[in-house]
Amino acid sequence: NPVRSSNQSSGINAEYGGEHVVRKAIEEKEEAISRVGPRGVSDAGRELFKAINKIYCNLEWRGSVIQGLDGDFVIHPPYKADNVTGSIENAVLRIKKVVEKFHAESSKKQQPPKTETTS
């Protein structure tokens with residue numbers, strides 16, 4: 001009969017600890033996926049979510065709608081300032097400004113750089 005070392009006898013505890021680590025990794029992955037957004041959300045919607053999430057961390061996707069977890073505001077597709085609604089006027093106004101700035105900066109990035117022509 002082989003003699004079990006103390007490491008082998010604690011294998012059960014190691015398995016449960018490993019299961020905890022795996023569960024935690026799965027939860028973190030699911031959270032990261034939820035931050036990216038559900039299928040069918042536009043790239044602009046995903047980027048806007050990231051931009052708002054930098055200043056307002058209580059944020060989540062509810063289907064294709066971006067929602068403040070405190071219930072302050074929601075943003076419906078196509079994610080323009082006019083699509084921001086909510087129960088707290090100050091929060092709605094602040095988020096509308098963020099959305100407007102985001103779209104202004106996005107449109108600047110999409111414009112091709114001007115090239116000088118010499119004649």
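# Exercises on a four-stranded sheet and its surroundings

The sheet here is open and has four strands in the order β1-β2-β3-β4, paired in the antiparallel sense. Strands (E, at least two residues) and helices (H or I, at least four) are DSSP runs, numbered from the N terminus, and two strands pair if DSSP finds at least two bridges between them. This is a predicted model, in which local features need pLDDT of at least 70 and side-chain atom pairs count only at pLDDT 80 or more, while totals for chains, interfaces and linings use all residues. Residues are numbered from 1 along each chain as its sequence is written, and side-chain values use heavy atoms, with hydrogens and water left out.

## Exercise 1: The sheet

Find the edge strands, then describe how β1 pairs with β2.

Step 1. Look for strands that pair on one side only: these are β1 (59-62) and β4 (84-85).

Step 2. Follow β1 to its antiparallel partner β2 (residues 65-68), which it meets over four bridges. In β2, E60 has Q67 as its bridge partner, and L59 has G68.

Step 3. Inspect the turn. β1 and β2 form a hairpin with two residues between them, and G63 in the turn has a positive phi of about 70°.

## Exercise 2: Two faces of β1

Which side chains of β1 are buried, and which are not?

Step 1. Start from the general pattern: in a regular strand the side chains alternate between the two faces of the sheet.

Step 2. Apply the cut-offs: buried means under 20% relative accessible area, exposed over 50%, and partly exposed in between (1.4 Å probe, protein chains only).

Step 3. Sort the residues. L59 and W61 point to one face and are buried, whereas E60 and R62 point to the other and are not.

## Exercise 3: Why is V65 counted as buried?

Step 1. Place the residue: V65 is in strand β2.

Step 2. Check its accessibility. V65 counts as buried because its relative accessibility is 13%.

Step 3. List its neighbours. Leaving out residues up to four places away in sequence, V65 touches E60, V74, I75 and H76; a contact means heavy atoms within 4.5 Å. V65 and I75 are ten residues apart in sequence, and their C-alpha atoms are 5.7 Å apart in space.

## Exercise 4: The loop between β3 and β4

Examine P78 and Y79, which both belong to this loop.

Step 1. Look at the peptide bond joining P77 and P78: this bond is cis, with omega of about 10°.

Step 2. Move on to Y79, which has a positive phi of about 65° although it is not a glycine.

Step 3. Decide whether Y79 is buried. Its relative accessibility is 3%, so Y79 counts as buried.

## Exercise 5: The whole chain

How many helices and strands does the chain have, and in what order do its elements run?

Step 1. Count the elements: there are four helices and four strands.

Step 2. Read them from the N terminus on, and you get α-α-α-β-β-β-β-α.

Step 3. Turn to burial and contacts. Of the chain's 119 residues, 23% count as buried. Among contacts between residues at least 6 apart in sequence, 22% join residues at least 24 apart.
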